[in-house]
Amino acid sequence: MAVGSVEGVRAAAGIVPDRKKTLVQLEEVIKVYRESDVETIALRGLDLSIEEGDSVAIMGRSGSGKSTLLNLISGSDRPTAGRVLVDGTDVGRADEVARAQLRGKVMGIIFQSQNLLPFLTLEENVVLTGRLAGTELDGSWARELLDRVGLADRGSHRPDQLSGGEQQRGGLACVLAAKPRLLLADEMTGELDSATAAKLLDLVREVRRTEGMTVIMVTHDEQVAQTADRIVELRDGRVVADRRVR
Ligand code: ADP
C-alpha cells in the first residue's frame, strides 16, 4: 500500500474502511418480453445496488417483476437494455461459459423446484454438490445440513422416495453445502410449515454469519422479509420502496 495514501494512513491508524464491496449492481435495467405481437414490459429502468454480505428481501405483487429480476441476476435471461453486474461481470453481455462459471463459483440458486440427481441418495447429493464447488465437506457436515432442513432421517433416500417439499429442502441443503457467495432464492419457504421455515431461515442466517454470504430472496411473506437487512419493493417493474430494517 502506498505510503501516504489515505488507505495507508487509515490502515496505520487501525481504521477499517467502512465502504463495502458492491456485489450486485443493476443500472437502468429494462426487460421487455416479446411474444408474437404482444410486448410486456417487466422492468422499466430499474436501479439497484447490493453490497457483499447484505441480505435483501424483494417484495411486490404478482407481476411486479421479481422473478424477472432474479433471472437477470442469475444470468438465466438477459436485459433488453441496461447493465446487470455480478462481482464485476456484466452478466447480460457475458458469453455462456462466463455465465456458467459465475453461476458455479459465485452463486447458489434456489428456485421452487430443485434438481437433485436421481441416482444418488440425498446425503450423496449434498456431499457431491459441496465437493464440486470445492468446499471441504465431510459426511458429518452433510448430515448436519440435512438435520437443519428437517431431513435427518432421509439422508439414505433417493429423490424419488421424497415428497416435493422434502426435495425442495434437500435442494437447499445442497445449495448451502456449496457455500455460495451469493444466494438467490425464489420463495424458499413458500411450501413449508412455519416451524421448518424458521429452522431454514436460521440456517441461512448462520451461513451468512460464518461465510459472509450475500442473500437476495423473493418473498410474499412479511415475516420472512423481516429476517433480511433490507426490503426492496417492486411495482410495475420499478423500485418503489427500499428500506433498511437492521
Ligand atoms: P413476479 O415475479 O413479480 O410475479 P414476473 O417477473 O414473473 O413478476 O413478471 C413480470 C411481468 O412480465 C408480468 O407481466 C409477466 O406476465 C411478464 N412475464 C414474465 N415472464 C414472461 C415471459 N417469459 N414471457 C412473457 N411475459 C412474461
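Biologist: Which residues form the nonpolar patch on the surface?
Modeller: The model is predicted: local features need pLDDT of at least 70, side-chain atom pairs count only at pLDDT 80 or more, and totals for chains, interfaces and linings use all residues. Numbering runs from 1 along each chain as its sequence is written, and side-chain values use heavy atoms, leaving out hydrogens and water. Nonpolar patches join side chains of Val, Leu, Ile, Met, Phe, Trp or Tyr within 5 Å, at over 30% relative accessible area and without a salt bridge (Lys or Arg side-chain nitrogen within 4 Å of an Asp or Glu carboxyl oxygen). With about 420 Å² of accessible area together (Shrake-Rupley, 1.4 Å probe, only the protein chains shown as cover), the members are Leu117, Phe119, Leu128 and Leu132.

Biologist: Is Leu117 buried, partly exposed or exposed?
Modeller: Leu117 sits in the loop between strand 6 (107–110) and helix 4 (122–132). Buried is under 20% relative accessible area, exposed is over 50%. At 34%, Leu117 is therefore partly exposed.

Biologist: Which element gives the most to the shell around the ligand?
Modeller: Shell residues have a heavy atom within 4 Å of the ligand. Strand 1 (22–35), strand 2 (38–51) and helix 2 (66–74) each supply at least two; helices (H or I, at least four residues) and strands (E, at least two) are DSSP runs. With 3 residues, the top contributor is helix 2.

Biologist: How far is the side chain of Thr68 from an oxygen atom of the ligand?
Modeller: Polar contacts are N or O pairs within 3.5 Å. A polar side-chain atom of Lys66 makes one at 2.8 Å, and a backbone N or O atom of Gly63 at 2.7 Å. For a side-chain N or O atom of Thr68, the distance is 2.5 Å.

Key. A polar contact is a pair of N or O atoms within 3.5 Å; within protein, one must be able to donate a hydrogen and the other to accept it, and residues adjacent in sequence count only if both atoms are side-chain atoms. Patches are made of residues with over 30% relative accessible area and no salt bridge: like charges are joined within 9 Å, nonpolar side chains (Val, Leu, Ile, Met, Phe, Trp, Tyr) within 5 Å. Buried means under 20% relative accessible area, exposed over 50%, partly exposed in between (1.4 Å probe, protein chains only).
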